[in-house]
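Me: I would like a close look at one part of this model, with the cut-offs stated as you go. Please begin with a single helix and then move on to the surface between the chains.

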2 protein chains.
Amino acid sequence: MRILLTLEYDGTGYAGWQRQENALAVQQVVEEAVSALVKRKTVLFGASRTDAGVHALGQRAHFDTDSRIPPEKYAYALNTMLPRDIRVRESRAVADGFHARFSATGKRYRYQIYSAPHAGALNRNTHAHVIYPLDAVKMRAELPALLGRHDFAAFAASGSVVKDTVRTITRAELCGDGPEYTLLIEGNGFLYNMVRIIAGTLIGIGTGKVEPGAFARAIASQSRLDLGVTAPAHGLTLMEVYYHESDCV
Amino acid sequence: MRILLTLEYDGTGYAGWQRQENALAVQQVVEEAVSALVKRKTVLFGASRTDAGVHALGQRAHFDTDSRIPPEKYAYALNTMLPRDIRVRESRAVADGFHARFSATGKRYRYQIYSAPHAGALNRNTHAHVIYPLDAVKMRAELPALLGRHDFAAFAASGSVVKDTVRTITRAELCGDGPEYTLLIEGNGFLYNMVRIIAGTLIGIGTGKVEPGAFARAIASQSRLDLGVTAPAHGLTLMEVYYHESDCV
């Protein structure tokens with residue numbers, strides 16, 4: 001039986017989603033809990049390889065098991081075993097052909113910004129602090145340039161090896177009126193660091209360090225140099241992974 | 001010169017505001033930073049003795065100093081010395097007769113609730129988790145009973161020794177439509193644990209464990225037994241301390 005988990009985590013204490021040597025990843029912690037529960041070494045397949053410090057409210061991961069535990073009970077059982085900064089929001093059975101990563105049709109992220117003279121204490125791990133005032137009107141005017149199907153080659157971390165860099169962005173909104181702002185962005189897929197590069201460029205436009213029109217220029221030039229810096233990981237949260245309705249039974 | 005600080009802190013890692021033996025309090029951490037900065041042992045007087053786990057966005061504390069540091073510079077200097085979970089939002093000079101606690105004319109608190117089958121990971125230290133669904137309409141109907149000048153003797157932790165238990169509540173609202181809710185409450189003063197007892201009773205009304213009318217009954221009876229349990233500390237945040245306008249120059 002294939003089980004799909006919806007996971008929420010505070011990424012502050014982890015080296016990201018993906019299991020690795022010499023550092024604790026969210027995948028490892030959840031895999032160990034699942035393996036202990038079903039009494040067999042079990043591998044998880046996550047929808048998104050979130051970076052160190054990045055959070056999730058709606059990460060998805062699937063695993064296969066022979067266990068007879070009713071699918072919806074995994075959430076309750078795993079939550080008694082996991083640390084408090086990782087929670088299973090939901091567990092359910094999916095078809096054998098379903099894959100948390102490859103069946104995904106889209107994702108939604110948020111990037112949270114705190115614009116104030118002093119950093120915050122309560123939002124220090126969830127919001128990127130920007131000392132300078134932000135011109136939100138100017139920032140909002142830039143977002144429509146991202147919408148639609150474009151080659152986002154310029155929007156990937158240098159050294160990234162993906163061949164097809166065409167993506168479709170269906171939503172890009174800056175919510176809030178300060179001192180906290182939230183960038184909501186939704187699309188059929190994202191290149192490595194793409195949301196953080198968009199957020200960093202947008203912050204640069206808001207503070208005046210980046211010239212307006214940067215998104216349009218970078219889409220045309222395919223040059224990373226036309227964009228701003230990569231915004232810090234801890235402002236980013238994976239909100240939701242979308243699947244075809246037929247996969248969601 | 002008397003300096004007033006506005007403080008924000010994540011109370012998760014502290015034994016509350018008040019300095020104590022064998023546990024680290026926010027007061028001690030800030031006092032040590034101020035003392036190092038002005039090069040003389042300095043005592044802070046806080047507006048509110050927040051409990052262990054309780055947060056603040058607008059705690060106030062004053063101290064006296066001979067230092068010639070310009071008042072508004074303390075915030076910047078102290079923030080380079082303090083841990084990231086304590087921030088000074090503002091610093092300014094106040095009159096010698098001003099007292100962070102005794103000059104206060106009112107306070108505003110928020111109490112955050114998360115109503116869902118599973119606890120949250122990202123809000124685990126800022127929201128009280130309630131497994132059962134909440135009837136927000138029923139909860140909101142109870143709040144007007146708190147408004148006005150009443151003897152809140154029933155609303156204090158047992159063993160509390162304050163003589164005058166009359167307080168005036170000027171605002172009591174439940175914001176949000178789930179799964180997260182925020183109780184906002186404002187008044188000229190609060191008894192020990194009063195906001196947490198109000199929050200716990202309100203949650204009890206929302207889940208059906210406490211009979212509607214509890215606030216009115218407890219105001220009349222002055223009996224703690226007419227109220228629900230004390231809600232957990234970590235849902236509470238001290239938002240603001242109010243002073244006379246003439247003190248705010």
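Which residue follows α4(A), and is its phi positive or negative?

Reply: This is a predicted model, in which local features need pLDDT of at least 70 and side-chain atom pairs count only at pLDDT 80 or more, while totals for chains, interfaces and linings use all residues. Residues are numbered from 1 along each chain as written, chains are lettered from A in the order written, and side-chain values use heavy atoms, without hydrogens or water.

A:Gly208 follows α4(A), and its phi is positive, near 90°. The helix before it (a DSSP run of H or I, at least four residues) covers residues 194-207 of chain A, and because its 14 residues should span 20 Å at 1.5 Å a residue (times one less than the number of residues), the 20 Å between its end C-alpha atoms agrees. Of those 14 residues, 13 are buried (under 20% relative accessible area, 1.4 Å probe, protein chains only), so that α4(A) is mostly covered.

Turning to the surface between the chains, 28 residues of chain A are in contact (heavy atoms within 4.5 Å) with 28 residues of chain B. The two chains bury about 2,000 Å² between them (accessible area lost on being put together, 1.4 Å probe, summed over both), 54% of it on carbon and sulfur atoms. A:His118, A:Leu122 and A:Arg124 supply 36% of the area that chain A buries there, more than any other three residues. A:Arg124 also forms a salt bridge (Lys or Arg side-chain nitrogen within 4 Å of an Asp or Glu carboxyl oxygen) with B:Asp10, the closest N and O atoms being 3.0 Å apart.

Methods. Helices (H or I, at least four residues) and strands (E, at least two) are DSSP runs, numbered from the N terminus. Buried means under 20% relative accessible area, exposed over 50%, partly exposed in between (1.4 Å probe, protein chains only).
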